[in-house]
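Me: Please take a close look at one part of this structure for me, the ligand and its surroundings. I am new to it, so keep the sentences short.

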Amino acid sequence: MSVSMKTNQYDAIVLSSASEKDAQAMLVERLQSNPLPNDELLANLGLFLTSKNLSRLLFFYEIYRKIVHTHGIIVEFGVRWGQTLSLMAALRGILEPFNRHRKIVGFDTFTGFVGLSAKDGDKCRCCDGSFAVTDDYEDYLAQILALQEQLNPMNHIRRFELVKGDAIVTVPQYFDRHPETIVSLAIFDFDIYAPTKAALEALKPHLSKGSILVFDELCDDIFPGETVAVREVFGLGALRFERFPMTSRVSYAVIE
Ligand SMILES: C[S@@+](CC[C@H](N)C(=O)[O-])C[C@H]1O[C@@H](n2cnc3c(N)ncnc32)[C@H](O)[C@@H]1O
């Protein structure tokens with residue numbers, strides 16, 4: 001599948017310049033035709049990490065370092081292919097391999113956007129179903145996350161969960177099922193208003209001082225709904241939004 005097809009098929013909005021897209025396409029081609037032996041592939045994936053992609057990983061490394069002394073779970077609202085969940089599992093293995101309570105939970109329809117509304121504006125050119133993944137992708141992702149756990153200590157205790165369905169229903173249900181939950185880190189990446197607002201409202205009673213909220217689309221004119229949801233649930237003046245210079249889009253706030 002070519003890069004341009006992928007972009008069209010999955011509705012990803014790509015702001016890269018033409019020369020960046022060319023270079024990225026060539027890198028993907030080199031990845032697909034790589035001559036590395038299988039047993040050296042994982043150890044050499046850095047070959048294909050661009051500064052842009054690496055900066056996002058470094059952002060999450062810095063964020064994870066901030067929660068190691070807080071008690072609670074990690075949730076991601078909007079999982080898609082699941083790279084961030086997998087990265088979190090790897091960082092847990094590095095930074096706190098014996099933290100039994102650090103469960104990692106991801107919420108997604110796995111069939112794309114559900115609940116686009118007028119509050120999302122018309123700039124993103126998306127519709128319900130945009131950003132869908134392939135059929136049964138959640139089963140594939142569960143296998144990847146199980147393998148991540150297998151490669152780290154305490155691998156006899158499953159510490160991840162994928163929750164499939166519309167977040168408006170599934171997030172409140174999750175917290176009803178798990179009233180013991182404290183959330184140390186919540187990553188917001190639904191992009192759109194309705195599920196973000198529902199998740200913020202359900203999450204709020206489960207935050208404590210020191211909990212961190214990460215946002216992927218705050219102050220973003222392509223996806224205004226995320227900011228509107230945060231404004232309606234917390235009020236922008238109630239949170240201090242910070243960022244790292246290495247990443248443009250992602251921001252975070254620590255509950256004070
Ligand atoms: C931009 S993608 C997430 C990307 C992912 N966080 C990453 O780092 O690669 C947005 C995701 O939100 C999900 N989503 C949108 N509306 C939803 C809803 N109402 N309930 C659950 N998931 C939803 C979509 O299916 C999509 O996978």
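Reply: Asp 108 places a polar side-chain atom 2.5 Å from an oxygen atom of the ligand. That is a polar contact, meaning a pair of N or O atoms within 3.5 Å. This is a predicted model, where local features need pLDDT of at least 70, side-chain atom pairs count only at pLDDT 80 or more, and totals for chains, interfaces and linings use all residues. Residues are numbered from 1 along each chain as its sequence is written, and side-chain values use heavy atoms, with hydrogens and water left out.

Val 114 also meets the ligand. One of its backbone N or O atoms lies 2.8 Å from a ligand nitrogen atom. Asp 166 uses its side chain: an N or O atom there is 2.9 Å from a nitrogen atom of the ligand. On its own, the ligand has 600 Å² of accessible area, and the protein covers 93% of that. Such areas come from the Shrake-Rupley method with a 1.4 Å probe.

Now the whole shell. It holds 20 residues, each with a heavy atom within 4 Å of the ligand. Gly 78, Asp 108, Val 114, Ala 167 and Asp 189 are the closest. By class, the shell has 8 nonpolar, 5 polar and 7 charged residues. Asp, Glu, Lys and Arg count as charged; Ala, Val, Leu, Ile, Met, Phe, Trp, Tyr, Cys and Pro as nonpolar; the others, Gly among them, as polar.

Note on methods
A polar contact is a pair of N or O atoms within 3.5 Å; within protein, one must be able to donate a hydrogen and the other to accept it, and residues adjacent in sequence count only if both atoms are side-chain atoms.
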